[in-house]
Amino acid sequence: MQDHHIDDTYYFYQIEIYSSETRSWRLAGDPFLAHVNTLFKYGVFCNNAVHWISAWGHSLYFNIGEEKVKEMPMPPLPEGWEERRYVYFGSNRNHLHLVEIYSPPTTQFDVYEMKSDYSEWLVKYRIDLSEIVAAFPEVVRIHYDPSSLNYHTFNMLGPKYNRPVHNILCIIREEQDEDSYMVLHIPGNIVSYSFKDKTFRKIRDFVPDYANEDHNRIHGSAFGFRWFEVFQFVESFCGV
């Protein structure tokens, strides 16, 4: 993707597509304008399109078949908020999902799902993680007031461009919707949460590369990892 700076807020961008057959790049579609805080690095592929959220301004998606960039509608911001505060954005089984948290308690929130025609986001699941907090008190960031949005690690954001730090790892849509679930990172553990019966179970525990519980809980380094990214497995004949 090429960019052209026009001011301190917006850039013109141009998408390029690489062909593995010709081993060459070509321009795709027309140049488009996007806010500097559009998270191009964290795009989500779903339904033959790549989607990007902007903390400010319009969110966008690139329809690969049409080679067009279009505006992606977003849920309205609550009164008093100017910056979008999302903590999860991803896809599974051709469904696009979004989680935003703007008020306490941060253990209770909605999971949005985009309609197939991109007309709006609908509330797909309503979440209450209170029992997980009771079972894993380490998710509480003890130096914050309980009324703070940063009190639980579920709502942690990165320091730049409103980037989430992936405590919500993924939303899994099964063939039978009642079997769908959410995968969460709890400091030292990976936990699944059932949308149907609101129960949870530990999938795996692990030891971080610096396991100082007091430091993590006070300073918010709940992961205990210096770098942390999560990717879904995709079967492929290509070597990695």
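**Exercise 1.** Does F89 count as buried or exposed, and at what relative accessibility?

*Solution.* The model is predicted, so the value is computed from model atoms.
Step 1: the relative accessibility of F89 is 11%.
Step 2: buried means under 20% relative accessible area.
Step 3: F89 therefore counts as buried.

**Exercise 2.** Classify the ring pairs that involve F89, and place them in the chain.

*Solution.* Step 1: the structure holds 13 aromatic pairs. In one of them, Y86 and F89, the ring centres are 6.4 Å apart and the planes stand at 85 degrees. Planes over 60 degrees apart count as edge-to-face, so the Y86 and F89 pair is edge-to-face.
Step 2: Y86 and F89 are both buried.
Step 3: for F89 and W121 the centres are 6.5 Å apart and the planes are at 65 degrees, so this pair is edge-to-face as well.
Step 4: F89 lies in strand β8 and W121 in strand β11 (residues 121-128); with their positions 32 residues apart, the pair links distant parts of the chain.
Step 5: W121 has 8% relative accessibility and therefore counts as buried.

A separate item for the list of aromatic groups: Y11, Y13, F32, F40 and W52 make up one cluster.

**Exercise 3.** Describe the surroundings of N92.

*Solution.* Step 1: N92 belongs to strand β8, which spans residues 86-92.
Step 2: its relative accessibility is 11%, so N92 counts as buried.
Step 3: beyond neighbours within four places in sequence, N92 contacts H97, I171, I172, R173 and Q232.
Step 4: for R173 there is also a polar detail, as the N92 side chain reaches the backbone nitrogen of R173 at 2.8 Å.

**Exercise 4.** Work out the layout of the sheet that contains β12 to β15.

*Solution.* Step 1: the sheet is open, with 4 strands in the order β12-β13-β14-β15 and antiparallel pairing.
Step 2: β12 (168-172) and β15 (200-205) each have a single partner strand, so they stand at the edges and one side of each lacks a neighbour in the sheet.
Step 3: on average, neighbouring strands are turned by 20 degrees against each other, direction ignored.
Step 4: β13 (residues 181-186) and β14 (residues 189-194) are joined by 6 bridges in the antiparallel sense. I186 has N189 of β14 as its bridge partner.

**Exercise 5.** Summarise the chain as a whole.

*Solution.* Step 1: the chain has 2 helices and 15 strands.
Step 2: 43% of its 240 residues count as buried.
Step 3: the accessible surface is about 14000 Å², and carbon and sulfur atoms hold 50% of that area.

Key
Residues are numbered from 1 along each chain as its sequence is written. This is a predicted model: local features need pLDDT of at least 70, side-chain atom pairs count only at pLDDT 80 or more; totals for chains, interfaces and linings use all residues. Side-chain values use heavy atoms; hydrogens and water are left out. Buried means under 20% relative accessible area, exposed over 50%, partly exposed in between (1.4 Å probe, protein chains only). A polar contact is a pair of N or O atoms within 3.5 Å; within protein, one must be able to donate a hydrogen and the other to accept it, and residues adjacent in sequence count only if both atoms are side-chain atoms. Contact means heavy atoms within 4.5 Å. Two strands pair if DSSP finds at least two bridges between them. Axes are lines fitted to C-alpha atoms, for helices over the stretch in contact, and angles run from 0 to 180 degrees between N-to-C directions. Accessible areas come from the Shrake-Rupley method with a 1.4 Å probe; for residues, only the protein chains shown count as cover. Rings of Phe, Tyr and Trp (its six-membered ring) pair if their centres lie within 6.5 Å; planes under 30 degrees apart count as stacked, over 60 as edge-to-face and the rest as tilted.
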